[in-house]
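This briefing covers a buried position and the helix packing around it. Please have the sequence and the structure open while reading.

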Amino acid sequence: EATCHPETGATTCTTHACLALMNLSISKANKNRVFRTPGVMDALMAVITRTANKNIDADVNPKDPSFEARVKACSALSNLAIGYDNKIPMFNYPGFVESILTVIRTDRAEARTKACSILWSFAAEMK
């Protein structure tokens, strides 16, 4: 929480933590374990909500820690959404769908693409 403040955004430490979760969530064997680890969803949700683009028309700085953390957090969530056992609990996670829709509405870069891939993953495989 201290590394991703609602007013100041993310730090480099936040970006690195999101990158680690993104990498850990790639392997099929890890998807459910990472998703079920206490605090992971809360942390990823905090990053995508606290790094929201406040000025949609502003130029994006890809080296800004908030920009990078948001992309990595959305990438981790996208990786986790591919795990079938995670789909329904993730979809039902409080505030998840609205947060993903906010990314789609307010981001014009890679985080938006990742957020769209999360919804595509749900639509493609949910029964």
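Leaving aside neighbours within four places in sequence, Met-90 is in contact with Phe-35, Met-41, Leu-77, Leu-80, Ala-81, Phe-96 and Phe-122. The model is a predicted one. Several of these partners recur below, including Met-41 and Leu-77 in the contact of H3 with H4, and Phe-96 in the contact of H3 with H6.

**Met-90**

- Met-90 belongs to helix H5, which spans residues 84–92.
- The relative accessible area of Met-90 is 0%, and values under 20% count as buried, so Met-90 is buried.
- Met-90 and Phe-122 are separated by 32 residues in sequence, and their C-alpha atoms lie 9.6 Å apart in space.

**H3 with H4**

- Helix H3 covers residues 40–50 and helix H4 covers residues 65–81; the two pack at an angle of about 135 degrees, with axes 9 Å apart.
- H3 and H4 are therefore oblique to each other, since their angle falls outside the ranges for roughly parallel, roughly antiparallel and roughly perpendicular.
- The H3 and H4 crossing is left-handed.
- On the H3 side the contact is made by Met-41, Leu-44, Val-47 and Ile-48.
- On the H4 side the contact is made by Ala-69, Arg-70, Ala-73, Cys-74, Ala-76, Leu-77 and Leu-80.
- The residues of the contact of H3 with H4 comprise 10 nonpolar, no polar and 1 charged.

**H3 with H6**

- H3 packs with helix H6 (residues 96–106) at an angle of about 35 degrees, and their axes are 10 Å apart.
- The crossing of H3 with H6 is left-handed.
- H3 contributes Met-41, Met-45, Ile-48 and Thr-49 to this contact, and H6 contributes Phe-96, Ser-99, Ile-100 and Val-103.
- The residues of the contact of H3 with H6 comprise 6 nonpolar, 2 polar and no charged.

**H4 with H6**

- The axes of H4 and H6 come within 13 Å and cross at roughly 130 degrees.
- This angle makes H4 oblique to H6.
- H4 and H6 have a left-handed crossing.
- Arg-70, Cys-74 and Leu-77 of H4 make the contact with Phe-96, Ile-100, Thr-102, Val-103 and Thr-106 of H6.
- The residues of the contact of H4 with H6 comprise 5 nonpolar, 2 polar and 1 charged.

Notes: Residues numbered from 1 in each chain as written. Predicted model: local features only at pLDDT ≥ 70, side-chain atom pairs only at ≥ 80, totals over all residues. Heavy atoms only, no water. Axes fitted to C-alpha atoms, helices over the stretch in contact; angles between N-to-C directions. Helix = DSSP H or I, 4+ residues; strand = E, 2+ residues; numbered from the N terminus. Parallel < 35°, antiparallel > 145°, perpendicular 65-115°, else oblique. Left-handed = near helix turned anticlockwise from the far one by under 90°. Contact = heavy atoms within 4.5 Å. Nonpolar A, V, L, I, M, F, W, Y, C, P; charged D, E, K, R; others polar. Buried < 20%, exposed > 50% of the residue type's maximum accessible area, 1.4 Å probe, protein only.
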